[in-house]
Amino acid sequence: MEAIILQILNGLDKGSAYALIALGLTLIFGTLGVVNFAHGALFMIGAFCAVTLSRILTASYTVIDESQTDFLGNPLKVDMPYVHDWFGQATGDAIIDWAVPLSILFAIPVMMLIGVIMERGLIKHFYNRPHADQILVTFGLAIVLQEVIKYYYGANPIPTPAPEAFDGSFDFGAMLGFDPNMIIYPYWRIIYFVFAAIIIGGVFAFLQFTTFGMVVRAGMADRDTVKLLGINIDRRFTIMFGLAAAVAGLAGVMYTPINSPNYHMGMDFLVLSFVVVVVGGMGSLPGAVLAGFLLGILESFASMGAVLEILPGLNQIIIYLVAIIILLTRPRGLMGRKGVMED
Amino acid sequence: MLGLGKKDFTLLLIVAVMTLLAPLLLNPFPESSGLAQFNAGYPDLMQRFVIFGIFAIGFNILFGLTGYLSFGHAAFLGVGSYGAMWMMKLVSLNVIPAIIMAIIVAGIFSLAVGYISLRRSGIYFSILTLAFAQMSYALAYSVLTPLTGGETGLQIKSSDTPLFSNVADGDIGRANLFGMDMRASHEVAMGDWLFTFNAGYYIAGVVMLIAFYLSIRIFRSPFGTMLRAVKSNQTRMYYTGLNARPYTLAAFVISGMYAGLAGGLLVAMDTQVGPERMFWTASGEVVLMTILGGAGTLIGPVLGSGAIKYMENILSKINKDILHEWFAFLPAGLDDFIVAIVYPFVGKGWHLTLGLIFMGVVIFLPGGLVQGGQKIGGLFRRKKASDNDSDKSTQSTPAE
Amino acid sequence: MAILEVKNVNKRFGGLQALGDVNLSVEENSVHAIIGPNGAGKSTLLNVLIGKLIPDTGSVMFDGQSVLGRKSYQINQMGISRVFQTPEIFGDLTVLENMMIPIFARRDGAFRMHALQNTFSEKGVVEQAMGMLEDLNMADKRDFHSASMSRGDKRRLEIGMCLAQEPRLLLLDEPTAGMARADTNNTIDLLKQIKEERNITIAIIEHDMHVVFSLAERITVLAQGTPLVEDTPDKIKGHPKVREAYLGESA
């Protein structure tokens, strides 16, 4: 029992990342009909927004501290972050400590801008091209974005810790009446899950309760008819692309403390997220979210020692295996709608 | 000639001559000149040209003719490599049984993957093949370690004593063709030029020519026409009494066997294999080669693989010092500026150039280098005969 | 003798009765038209005939064999060829190649791996294809990229491709839809010529009364998923029930 709860919890944070990326992919596919292979790169860029902000915040100048000396007796050189000057030592330290959550504010405009530029500058020209061309051009873009990041940030993972307040773990087991220390779960992962749930809820609410969302949903169902109504669907779809980019970016920002960002993390997640989208059902938003969590949890279960003893390596292939089975038995995925991408 | 039309035969002949003379043609710069690093006439790289040429030629039979975009073809290359490796470890160091084994193993594996993946088309097909390839990669990396050597891969070791090869105790066996070492090279110095004629390269080159010849035959056959019909209109195909599935499956298996052949040859040349050969970026690379050269054309994949392997090897070797050397003639300051601009695109950053070229090709030149060549050729021809063939403009140009 | 026999076919989509007790028989070597107002179930019936839809009850027999549950290429091989509302041709191929494919299909069946022969030196195939193109007056267009032809020419090629298979029944789904008058007349003339020159049964689903009355020998009027009347064109023209259900709207 403890093991099962623990695995479900472990699956949640990865599942959250899958769900967030898959949500954006589905939004883009559903509204624009474009298969975006560069979506993983957006997730990665989001993570590097956090890296960038924490670098900006820790930007410092060197001062010579006469009160301290090094072992040779010379005055010690100390790096002095500018934020200390501006906000004082305590506030400055807190700001640096909270760099990752603060990056959310930084990432939203940056990611939306990147998304809009991408859509207007590139994707727009591929609406009427074959899916193969869309895959290929976005694949090329993904390589370019990834290489640019690699050039500026290097190839090694960059540790980007969560605020100190979230160090340590929460003892779920004790709360539920099991032995202490049986089911422990790091605080930041709880934060990540809650954050993902809020974002997902926000996107759904936005689509459900705003006029904008209504038009977009109508466009997802039948683009041509909505156009006939004289609604400028293109501009809304551009904003939708920006939104999807922001969702992927935020997923990346918050993921940095869980996994130190590197330039190829986007591609790693992209392949799996595509599988998630297909399993959930191309063009179905609830399907994408459901499949994201489902596969995240399944993956976590497959990594249990007991399972691996019977079926070694299952954790490596479980997601692909499920995808293959789903695609063959339910071609439309778990919640796919009729008429979407059926050829 | 050889069952080919005149145009196709000429094309084959040109490719044959180029392959034969590659050690000369690819080494145009004298050894002592600063441009010597642009020479591509060394065995290792030339082998890669022809082997990845085979890979792309095979991929083109699937993607170019039927339009099914597989994102998992590297798996077949990898499986072929492992098959060939084991043949060399256990049976014989002669490359021929190893290569045959590679083709058979890849053929069987692609039959299984194709049978399942081809139940879907479009993006679903791409993702299914991707899923299969990633699964193979993950398995080769972990559970199948006894078979694949896991992360380190497989090499021929001194402990390997193939059944039909006499390897002295403690010696490490070498791949050969009836006793001729793959690594045997003959170097010819002419003035300041040094040309290397390598046994392995010529064997791979001959195999590539055979593979290329077969692909021309397939392109021009009724089977090839049917594959183009699949790409063009499956509805009409089914309502003409034809079953598209076995056609696509046959194309899939053929291209899988080409991939296996390439994988076997890779092992025959460097006697090692690792799971990274199956990673999905390797699958992406062959897509890239085919597109860059021109999908659906005969010569495109050969050009594309050559271009990409050349860039990979040459561009990635350029470092900051070399750049500074080149731009030294510029006034101080300006040369640093130029180097700073160029540097991200070369050396370790060559993937960036690759990505940009790839995007450029898809955006501006969907037909690849071949289409680009035709466009340029068309410009010249139009100048010569601008008005006497204007009425033929609606006629199709057969694929080159 | 009836070559195509539809008996008691019913098909429901949820609450909608798309086809209700359809009985229909098409005589061999006749031209039989199926007409009816929008939503009468013409397309559903056609989809049943070509095996795309399986009816809830009833049978569809072609030449004594059931077509139900067979794949579209198998039904085609039984001798039923279909012409689509929008011409379905191999747009990436030349006109001659388009014409050669049904000839290969007739010779080799659903699949044959003839990977090393040359397409254009296969015995007799080019000749047969060219013969067919000459019959269609399209021989001069043999090397045209078929996607870039006019709709009329595409239709002509599509009909020719169907004929090249020497089918026993040719099914036409609104063959002149979206065509200019001249193209429509050309198509009618072509179909008349086919009717005179070949031993073939033609079943045609059509909206355009001009087409129906210039070709059909028998007409079935479909309304709300059920055949209303079946008779010769002359009788249909004056039939009060038909006027009420169908012609009344447009006359």
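Two residues are in contact if their C-beta atoms, placed from the backbone, lie within 7 Å. Keep that in mind as you work through these exercises on a predicted model.

**Exercise 1. Get to know chain A**

Task: Work out which share of the contacts in chain A between residues at least 6 apart in sequence joins residues at least 24 apart, and whether chain A is as compact as a globular protein of its length or not.

Solution:
- Start with the parts: chain A is built with 15 helices and 4 strands.
- Next, compare two radii. Chain A has a radius of gyration of 22 Å, and the globule rule gives 20 Å for 343 residues; these are close, so chain A is as compact as a globular protein of that length.
- For its extent, look along the principal axes, where the C-alpha trace of chain A spans about 75 × 50 × 35 Å.
- Then check burial: 46% of the 343 residues of chain A count as buried.
- Finally, the contacts. Take those in chain A between residues at least 6 apart in sequence, and 74% of them join residues at least 24 apart.

**Exercise 2. Do it again for chain B**

Task: Find how many helices and strands chain B has, and what percentage of its residues is buried.

Solution:
- Count the elements first: you get 16 helices and 6 strands in chain B.
- Now the radius of gyration, which is 23 Å for chain B. The globule rule gives 21 Å for 400 residues, which is close, so chain B is as compact as a globular protein of that length.
- The C-alpha trace of chain B spans about 75 × 65 × 40 Å along its principal axes.
- Of the 400 residues in chain B, 51% are buried.
- Among contacts in chain B with a separation of 6 or more, 74% are between residues 24 or more positions apart.

**Exercise 3. Two helices that cross**

Task: Decide whether helices α8 and α9 of chain A are roughly parallel or roughly perpendicular, and list the residues that make their contact.

Solution:
- Helix α8(A) covers residues 187-209 and helix α9(A) covers residues 211-221; their axes come within 5 Å and cross at roughly 85°.
- Angles of 65 to 115 degrees count as roughly perpendicular, so that is how α8(A) stands to α9(A).
- On the α8(A) side, the contact uses A:Phe206, A:Leu207, A:Gln208 and A:Phe209, while α9(A) brings A:Gly213, A:Val216 and A:Arg217.
- Sort the residues of this α8(A)–α9(A) contact by class and you get 4 nonpolar, 2 polar and 1 charged.

**Exercise 4. A sheet in chain C**

Task: Say which strands stand at the edges of the 4-stranded open sheet of chain C.

Solution:
- Begin with the overall count for chain C, which has 9 helices and 10 strands.
- Write down the strand order of the sheet: β2-β1-β4-β5, with antiparallel pairing.
- β2 (16-27) and β5 (65-66) of chain C each have a single partner strand, so they are the edges, and one side of each has no neighbour in the sheet.
- Look inside the sheet: β1(C), residues 2-13, and β4(C), residues 57-62, run antiparallel and are joined by 5 bridges. C:Val6 stands opposite C:Val60 of β4(C).
- Now add a helix. α1(C), residues 42-49, packs on the sheet and touches β1, β2 and β4 of chain C, and its direction makes about 60° with that of β2(C).

**Exercise 5. A strand covered on both faces**

Task: Are the residues on the faces of strand β6 of chain C buried or exposed?

Solution:
- Take one side of β6(C), residues 80-83: C:Ile80 and C:Arg82 are buried there.
- On the other side, C:Ser81 and C:Val83 are buried too, so both faces are covered.
- For its pairing, β6(C) runs parallel to β7(C), residues 169-173, with 4 bridges between them. C:Val83 has C:Leu172 as its bridge partner in β7(C).

**Exercise 6. Where the chains meet**

Task: Find which element gives the most residues to the side of chain A that touches chain B.

Solution:
- Here 32 residues of chain A are in contact with 34 residues of chain B.
- The elements of chain A that give two or more residues to this side are α6 (131-153), α12 (265-280) and α15 (314-329).
- α6(A) gives the most, with 14 residues.
- By class, this side of chain A has 25 nonpolar, 4 polar and 3 charged residues.

Conventions
Residues are numbered from 1 along each chain as its sequence is written. Chains are lettered from A and ligands numbered from 1 in the order in which they are written. This is a predicted model: local features need pLDDT of at least 70, side-chain atom pairs count only at pLDDT 80 or more; totals for chains, interfaces and linings use all residues. Axes are lines fitted to C-alpha atoms, for helices over the stretch in contact, and angles run from 0 to 180 degrees between N-to-C directions. Angles under 35 degrees count as roughly parallel, over 145 as roughly antiparallel, 65 to 115 as roughly perpendicular and the rest as oblique. Ala, Val, Leu, Ile, Met, Phe, Trp, Tyr, Cys and Pro count as nonpolar, Asp, Glu, Lys and Arg as charged, and the others, Gly among them, as polar. A residue is buried if 20 or more other C-beta atoms lie within 10 Å of its own, exposed if 12 or fewer, and partly exposed in between; C-beta atoms are placed from the backbone. Two strands pair if DSSP finds at least two bridges between them. The radius of gyration is taken over C-alpha atoms; the globule rule is 2.2 Å times the number of residues to the power 0.38.
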